Amino acid sequence: MAKEKGTKETAKKNQTGDDPPRGDFSSRKKSPKLCGTNYPLSIAFIVVNEFCERFSYYGMKAVLTLYFLNFLHWDENLSTTMYHAFSGLCYFTPVLGALIADTWLGKFKTIIYLSIVYVIGHVIKSVGAIPTVGNQVIHVVLSMLGLALIAFGTGGIKPCVAAFGGDQFEEEHAKERSKFFSVFYLAINAGSLISTFVTPVLRGDVKCFGGDCYALAFGVPAALMVIALVVFIAGSGMYKKTPPRGNILLEVCQCIAFAIRNRLKNRSKQIPKREHWLDWASEKYSKQLINEIKMVTRVLFLFIPLPMFWALFDQQGSRWTLQATRMNADFGGIVFQPDQMQFVNPLLILIFIPIFDFGLYPLINMCRFNFTPIRKMATGMILAGLAFAAAAIVEVKVNETTMPLPVPKESFIQVVNLANDSIQVKIQGQDLFQQPIGAFQDPAEYSKLMLNGAQQNFVFDLQSPGSVSTFYHTVQEKSVYSLIVYKSEGNLSSHLIADMETKPAKGLSAVRFINALDQDVNVTIGKEQIISVNKNYGVSDYTTLERGKYNVHCKAEAKEFTLSLGLLDFGASYTIVITNTSSNTIEARKIEDILANDVHIAWQLPQYVLISAGEVMFSITGLAFSYSQAPVSMKSVLQAGWLLTVAFGNVIVLIVAQAAPLEQWAEFVLFACLLFAVCIIFSIMGYYYISVDPEDLTEEEEKKEMPSNGNVISLAPQKTKL
């Protein structure tokens, strides 16, 4: 799962020497210390607030795709699109949050007000997940409104919380401030790890309103966000609160826009050219600001290929979760929820960071290989691409147990022989069922039946020892059927019944009953589910059940009996035949119509390992490198640029999901190939990139002469306000 990128960036920003908040700290009341250390007591409230907020965000997001799929009943492509639209919005809104904090409210008030918006969004989202509240339209409206408020809330406070924590330290305690960000990062991952494990359990293992309890799965994160807000407010009297100091990102955008406008308005050949296009802003903005923006644009140019990495990374919560729903999740009696696998990512990150920092990287350096930041990031891209290649292989294996979808003028059929003897089935005009079909033989697979139109009447010739019968059945295109063959009064007879066309959703099992007795039977599954099955080969509707071993209680007139169904496995569809044995006892014969999910969910672990290793190399290295290449005053601009790469990565996914519908394994291969291609482009860009020290570059730029006053006079003053 994607962890908190925004606060990571802010943490890295402060660790690399970002400028301290302006203002006279010496005139302020100093915050009480934590347990006799130099750590302000106020940071304890901030760390607890961040833990609860991250639990809230990732807990809600962990079950979001399955909520779209199973509660709102959207298809997989639309569910994926909306998941990534929400994720992208969460990384566009930090720009608004930074603008509000720096130019209007300050960080403290921005966190308070937007956290209230955040809580309201969670409450609306939880109410929208209650089945009894309104109809489908109301559920969709409440869900979308809640998600919009959550995106604005979480994105708005994203650039503020970590920086606000850094503000609490005095300047002489820079070492403690650096360690605070390590604790802050730990709180992020702890909240992410616990919530992605617990929330799917609340959704799947707790039942409410007759199904999965999405209201509880969203309600608990809402409660955690309320706790986060209360804890943050509780520390109000201890905080150092800096006033708004102007938004550097807005100033950078205005400077760039002015330079472009000024250049376009002064295109005369008589006007001397300037060394850099940003120098056209020198009439309005300081030389220092222009030089700093030049440094930033060099790094932002390297950011252009980066969204493709996030396009792959953030699919852990969408496509990979959907893949897990079609897999076997039984770990020796402990059953994982499909969305629970996302907890593997934060767990691996906590393991990989020390392994890489203290093991892998020093070992590579001992081999005298210059493993530069650009090479680390390119390696991270390759690992993410390999993760999707592994996901494609798993998807191909998973598809082997799924039902193929019939196309127009095509249907699928199988024969269920409930007679006591082997039979031969021939369908006139079709070349099917060449071998005899044994009594109660479990059909190996469905056979394809070709039609000459939307429907067709077929002639079925059935032959058993001493008996030949002909039957007529009408078949609809794009349907799946079972031909039930049995003996009635010594002669062969048949029914054509419609089967389940796709696997049961959410890894459930589906079961139906055929009553071969001469009495009606009431079948009780569990405590309340009672299914009536008519006598003489009556067929019940399908009932979906949680995976498990079942015994059913049956009542036929005055007779009662219990039948064992055995294991009803993940994603399988079964037909249970209630029949007499030769010893005149009643038994249940089980036929597996749709194969169970036999690919274990543990086969997703390699792709999670690869994507997590790729994240460590790509994300952490990329932030450290980009911040080292920017002047102190511009690190917040780079933070905004980094967050926007995440946002645009999610935009790429929703475009592909809607514009280029492919088979899932092919889509995984497409994303892997795109990232490999982007990796090559990024490596070429990195090869020509010259690493600089921002302080040295600033001194060098200041020595250069600016355009003379004569150049300024030659501009078109009537078109440009100076």
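## Phe433 and the overall picture

In which loop is the place of Phe433? Phe433 sits in the loop that runs between strand E6 (424-427) and strand E7 (447-450). The model you are looking at is a predicted one, so please read every value below as computed from it. With a relative accessible area of 14%, Phe433 falls under the 20% cut-off and is therefore buried. Its backbone deserves a look too: the phi of Phe433 is near 55°, a positive value in a residue other than glycine. For background, a negative phi is what most residues other than glycine have.

Stepping back, the protein has 722 residues, and 55% of them count as buried. Its secondary structure comprises 18 helices and 20 strands. Among contacts with a separation of 6 or more, 73% come from residues 24 or more positions apart.

## His73 and Thr81

His73 is another residue with a positive phi, about 60°, although it is not a glycine. This histidine belongs to the loop between helix H3 (64-71) and H4. Is His73 buried or exposed? At 59% relative accessibility, His73 is over the 50% cut-off, so it counts as exposed.

Beyond that loop, helix H4 covers residues 76-128 and contains Thr81. Thr81 has 9% relative accessibility and so counts as buried. Which residues does Thr81 contact, leaving aside its neighbours within four places in sequence? The partners are Leu654, Ala657 and Gln658.

## Helices H8 and H9

Two packed helices are described by the angle between their axes and the distance between the axes. For helix H8 (residues 248-265) and helix H9 (residues 287-303), the axes come within 11 Å and cross at roughly 95°. H8 is therefore roughly perpendicular to H9, because angles of 65 to 115 degrees are classed that way. On the H8 side, the contact involves Ile248, Glu251, Val252, Cys255 and Ile256, which meet Leu289, Ile290 and Ile293 of H9. Sorted by class, this contact has seven nonpolar residues, one charged residue and no polar ones.

The loop between H8 and H9 holds Lys284. Lys284 has a relative accessible area of 49%, so it is partly exposed; the cut-off for exposed is over 50%. Lys284 and Cys255 are 29 residues apart along the chain, with 8.2 Å between their C-alpha atoms. Cys255 is also one of the H8 residues that meet H9.

## Helix H12

How far should the 23 residues of helix H12 (residues 344-366) span? At 1.5 Å a residue, the expected figure is 33 Å, and the end C-alpha atoms are 31 Å apart, which agrees. H12 does bend, by about 50° at Phe356.

Phe356 is itself among the buried residues of H12. The others in that group are Val344, Asn345, Pro346, Leu348, Ile349, Phe352, Ile353, Tyr361 and Ile364. H12 is followed by Arg368, and the phi of Arg368 is positive, near 60°.

## Ala389 in helix H13

Helix H13 (residues 373-399) includes Ala389. Ala389 is at 30% relative accessibility and so counts as partly exposed, a class that lies between the 20% and 50% cut-offs. Where does the chain bring Ala389 relative to Val669, 280 residues apart from it in sequence? The C-alpha atoms of Ala389 and Val669 are separated by 6.0 Å.

How values were computed: Residues are numbered from 1 along each chain as its sequence is written. This is a predicted model: local features need pLDDT of at least 70, side-chain atom pairs count only at pLDDT 80 or more; totals for chains, interfaces and linings use all residues. Side-chain values use heavy atoms; hydrogens and water are left out. Axes are lines fitted to C-alpha atoms, for helices over the stretch in contact, and angles run from 0 to 180 degrees between N-to-C directions. Helices (H or I, at least four residues) and strands (E, at least two) are DSSP runs, numbered from the N terminus. Angles under 35 degrees count as roughly parallel, over 145 as roughly antiparallel, 65 to 115 as roughly perpendicular and the rest as oblique. Contact means heavy atoms within 4.5 Å. Ala, Val, Leu, Ile, Met, Phe, Trp, Tyr, Cys and Pro count as nonpolar, Asp, Glu, Lys and Arg as charged, and the others, Gly among them, as polar. The expected span of a helix is 1.5 Å times one less than its number of residues. The bend at a residue is the angle between axes fitted to the seven residues ending there and the seven starting there. Buried means under 20% relative accessible area, exposed over 50%, partly exposed in between (1.4 Å probe, protein chains only).
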